[in-house]
Amino acid sequence: MFTISVCVGSSCHLKGAYEIIKTCQELIEKHQLEGKVELKGTFCCGKCSEQGVTVIINGETLSGVLPSNFEEVFQEKVLKEIQNERH
């Protein structure tokens, strides 16, 4: 099970956290990953001064995530790993 936690603290909220959550939900549905990917909101991760939203994927903290680049992050960090697990 992949866990994706998106910071929804005030700073990340202003930087597009909810757009990222919506996009993530759409990608999970599009790729039929219900039951394989868990999406959560989390409060402040302490990276407020960095650009973009903080997203934690399976314990790896990523900062600088934007609504405009989240799909690329999802492809690289989730889809690629799921494909690797299947082989």
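This is a short talk on the core, the salt bridges and the confidence of one protein chain.

Okay, so, first thing to keep in mind: what we have up here is a predicted model. How confident is the predictor? The mean pLDDT of the chain is 92, and 98% of the residues reach 70 or more. If you go element by element, H2 has the highest mean, at 97, and H3 has the lowest, at 90.

Let's start on the inside. The largest nonpolar core has 25 residues. Who supplies them? Well, you get at least two residues each from strand E1, which is 2-7, helix H2, 17-30, strands E3 and E4, at 53-57 and 60-65, and helix H3, 70-86. Nothing exotic about the general idea: in soluble globular proteins, nonpolar side chains tend to be buried together.

Which residues have the most contacts inside that core? Those are Ile4, Phe74 and Val78. Let me stay on Val78 for a second. Ignore its neighbours within four places in sequence, and Val78 still touches Phe2, Ile4, Leu33, Val37, Ile57 and Val73. So if you're turning the model around on your own screen, Ile4 is a good one to click on: it's on that contact list of Val78, and it's also among the residues with the most contacts in the core.

Right, on to the charges. How many salt bridges does a search of the whole structure find? It finds 3.

Take the one between Lys77 and Glu60, with N to O at 3.0 Å. This pair ties together distant parts of the chain, with Lys77 sitting in helix H3 and Glu60 in strand E4, 17 residues apart. Both ends are partly exposed: Lys77 has a relative accessible area of 27%, and Glu60 comes in at 36%.

The next one is inside helix H2. Lys22 pairs with Glu26, and their closest N and O atoms are 3.2 Å apart. Why are these two about one helical turn apart? Because they are 4 residues apart in helix H2. Glu26 has 43% relative accessibility, so it counts as partly exposed.

And then there's Glu76 with Lys80, again a salt bridge, 3.2 Å from N to O. Here both residues are in helix H3, 4 residues apart, so about one turn of the helix. Is Glu76 buried or partly exposed? At 42% relative accessibility, it's partly exposed, and Lys80 is partly exposed too, at 40%.

That's what I had, thanks.

Conventions. Residues are numbered from 1 along each chain as its sequence is written. This is a predicted model: local features need pLDDT of at least 70, side-chain atom pairs count only at pLDDT 80 or more; totals for chains, interfaces and linings use all residues. Side-chain values use heavy atoms; hydrogens and water are left out. A nonpolar core is a set of buried Ala, Val, Leu, Ile, Met, Phe, Trp, Tyr and Cys residues joined through side-chain atoms within 4.5 Å. Buried means under 20% relative accessible area, exposed over 50%, partly exposed in between (1.4 Å probe, protein chains only). Contact means heavy atoms within 4.5 Å. pLDDT is the predictor's confidence in each residue, from 0 to 100. A salt bridge is a side-chain nitrogen of Lys or Arg within 4 Å of a carboxyl oxygen of Asp or Glu.
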